[in-house]
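Here is a short report on one protein model and its ligand. Keep the sequence and the 3D view open as you read.

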Amino acid sequence: MKLRFILPALLLLTITSCKREIRPPEDPVEIIPRPTKITYYEGSFDLSNPVELKTDQGVYLSEIHLKSLKAKMNSDNSAKRTGTVIFRLTEDETYSNEGYQLIVGKNRIQIMAKAEAGLFYGMQSLLQLIEKSENNKIQCMEITDIPKFEWRGMHLDVCRHFFPVEFVKKYIDLLAMHKMNTFHWHLTEDQGWRIEIKQYPKLTEIGSVREATMVGKNWDEFDGQPYGGYYTQEEIKEVVAYAQERYITIVPEIEMPGHSLAALAAYPEYGCTGGPYDVAKTWGVFEDVYCAGKDSTFIFLQNVLSEVMELFPGEYIHIGGDECPKTRWEECEDCQARMEAEGLKDEAELQSYFIRRIEQFLLKNNRQLIGWDEILEGGLAPEATVMSWRGEAGGIEAAHMGHDVVMCPNDICYFDHYQGPPEEEPLAIGGMTTLEDVYHYHPVPEELEAEQEHHILGAQGNLWTEYIPTPEKLEYMALPRLCALSEVVWTNREKMNWNSFKQRMEKHYGYLNSHNYNYRKETN
Ligand code: TNX
């Protein structure tokens with residue numbers, strides 16, 4: 001046995017062996033998402049003790065992490081230290097890349113993981129324990145925690161309404177606090193193009209501003225206020241780095257072939273009719289979409305995607321693919337000629353051609369295409385991952401075909417829906433998805449055979465912002481449903497329990513409060 005294995009083993013013994021296991025009357029640990037396994041021991045760690053923060057050789061912890069921990073603990077260097085918090089790495093495969101072990105002894109807290117992400121999640125748990133502690137003490141315990149799904153996502157539409165960089169970072173913090181690892185950033189839409197593309201400056205000069213916005217749900221009443229906003233590439237880089245430090249991958253979404261009016265307003269030559277087009281002032285689905293007949297459309301999109309890939313290092317690029325009416329293509333000479341030349345029998349197959357062609361480009365650049373479940377229509381691109389939003393049917397079909405799937409069925413995962421009776425709630429798009437509905441969701445449908453289950457990468461919550469104009473309202477719609485979703489994607493099914501969750505939420509509301517998040521307080 002090598003020394004580096006013996007030492008941690010010995011340490012573990014000294015931390016836990018002298019303690020007697022106890023079974024507290026009720027689960028005192030309020031961590032959300034709930035950890036896989038917790039064993040409690042007699043005694044507690046006193047948070048008023050001055051502590052030393054230590055890292056084993058080879059452990060990297062960025063300043064931001066240490067800072068947040070130091071701020072919550074008594075880490076005054078001049079004081080005589082009686083406690084230690086130590087971070088260490090193990091080669092134990094059971095922790096995979098995101099799992100961790102957290103041991104709280106009377107004088108020593110140890111976080112151990114196989115990879116940095118695991119250490120980060122261990123620290124998130126510790127921070128929750130500290131912030132939710134009573135009498136400045138944490139019960140001695142041992143937590144072993146490994147996530148259930150690899151895709152634990154939240155989406156944000158910054159097009160219908162724009163959210164500044166500072167808020168996007170606060171949103172990323174919220175994800176990190178709940179051990180979510182994927183941020184799906186919806187950057188282009190009919191109502192606004194929000195990412196600077198150097199080769200096509202008009203995308204933001206023209207495409208990021210709409211003349212006015214419809215008022216409430218009245219399609220013929222407008223506020224008369226120009227509305228705009230976009231992120232410069234420098235800002236995007238800053239957000240990507242911010243997310244990386246929190247072990248969050250950003251999946252950028254560039255919509256095509258539909259939901260593309262803002263781009264067409266800037267570059268009408270890539271539409272079937274040539275325009276002119278206006279950035280949309282109302283919500284909904286529009287008939288003007290990218291022309292699938294002209295090669296120049298693909299060159300444009302590939303140039304855009306090249307800049308996007310430079311900015312976002314993650315594996316996945318989301319290309320939308322949803323809600324693309326075929327009316328323009330039916331009447332477009334170029335589109336019809338393309339169908340003829342490629343032997344495509346209808347416009348659904350033309351959409352499939354569109355997506356496949358983009359997929360080839362992404363694959364050449366070592367990226368993976370992901371799109372909404374409409375990309376199944378007319379035939380799925382060979383290596384595409386499907387995001388199932390119109391219920392689970394698209395996801396099931398894709399998994400049967402051997403494709404990977406992210407679940408976000410709109411009746412569960414659309415956090416733009418009401419979370420209580422509409423007459424008691426602020427204006428929302430429709431539907432009603434309660435906290436409990438979200439909590440009871442299981443992303444792996446029963447229709448799948450055991451050997452297909454691994455195709456379900458996980459699930460995500462979507463925040464479309466037609467009726468969400470401000471950060472405060474966005475937080476209100478996200479919370480507490482995001483907390484429930486975090487258990488759906490992280491916590492072992494056997495450990496999931498609605499009553500325990502509700503009880504744990506009581507303290508968690510205070511935690512959200514102290515981090516200045518707005519939320520809907522569940523009252524029943
Ligand atoms: C459908 S989900 C859309 C969005 C809307 C959303 C509103 C999807 C792929 N398309 O464009 O914002 O419904 O809930």
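## The ligand and its polar partners

An oxygen atom of the ligand is 2.6 Å from an N or O atom in the side chain of E466. Taken alone, the ligand exposes 360 Å², and the protein buries 92% of that. Such areas come from the Shrake-Rupley method with a 1.4 Å probe; for residues, only the protein chains shown count as cover. D416 also reaches the ligand: a polar atom of its side chain lies 2.7 Å from a ligand oxygen. D322 approaches a nitrogen atom of the ligand, with 2.9 Å between that nitrogen and an N or O atom of the D322 side chain. A polar contact is a pair of N or O atoms within 3.5 Å; within protein, one must be able to donate a hydrogen and the other to accept it, and residues adjacent in sequence count only if both atoms are side-chain atoms.

This is a predicted model: local features need pLDDT of at least 70, side-chain atom pairs count only at pLDDT 80 or more, and totals for chains, interfaces and linings use all residues. Residues are numbered from 1 along each chain as its sequence is written, and side-chain values use heavy atoms, with hydrogens and water left out.

## The shell around the ligand

Which residues are around the ligand? They are R160, H259, D322, E323, W372, W389, Y414, D416, I429, W464 and E466. A residue is near a molecule if one of its heavy atoms lies within 4 Å of it. The shell divides into five nonpolar, one polar and five charged residues. Here Ala, Val, Leu, Ile, Met, Phe, Trp, Tyr, Cys and Pro count as nonpolar, Asp, Glu, Lys and Arg as charged, and the others, Gly among them, as polar.

H259 lies in the loop between β16 and α7. Helices (H or I, at least four residues) and strands (E, at least two) are DSSP runs, numbered from the N terminus. H259 is buried, at 3% relative accessibility. Buried means under 20% relative accessible area, exposed over 50%, and partly exposed in between (1.4 Å probe, protein chains only).

## N462, beside shell residues

N462 sits in the loop between β23 (456-461) and α15 (471-478). Its relative accessibility is 0%, so N462 counts as buried. The side chains of N462 and Y414 share a polar contact of 3.5 Å. Beyond its neighbours within four places in sequence, N462 is in contact with H155, W372, C408, C413, Y414, F415 and D416. Contact means heavy atoms within 4.5 Å.

## Helix α4 and the loop after it

V168 lies in helix α4. V168 is buried, with a relative accessible area of 0%. Leaving out residues up to four places away in sequence, V168 touches F163, F183, W185, Y231 and V239. M177 belongs to helix α4 too (residues 165-177). At 6% relative accessibility, M177 is buried. With the same sequence neighbours left out, M177 touches I32, Q124, Q128, Y511, L512, H515 and Y517.

H178 is in the loop between α4 and β9 (182-186). Its relative accessible area is 1%, so H178 is buried. A polar contact of 2.8 Å joins the side chains of H178 and H508. Not counting residues up to four places away in sequence, H178 touches I32, P33, L482, C483, S486, H508 and L512.

## Cysteines without a bond

How many disulfides does a search of the whole structure find? It finds zero. A disulfide is a covalent bond between the sulfur atoms of two cysteines. The cut-off here is a pair of cysteine sulfur atoms within 2.5 Å. Why is C324 not bonded to C272? The sulfur of C272 is the closest cysteine sulfur to that of C324, but at 9.0 Å it is too far for a bond. C324 is buried, at 8% relative accessibility.

## Backbone exceptions

Most residues other than glycine have a negative phi, and most peptide bonds are trans. H259 has a positive phi of about 45 degrees. Phi of Y247 is also positive, near 60 degrees. Y247 is found in the loop between α6 (233-245) and β16 (249-256).

Two prolines follow cis peptide bonds. One joins G275 and P276, with omega about 0 degrees. P276 is in the loop between α7 (261-266) and α8 (295-311). Another joins L479 and P480, with omega about 10 degrees. P480 lies in the loop between α15 and α16 (481-490).
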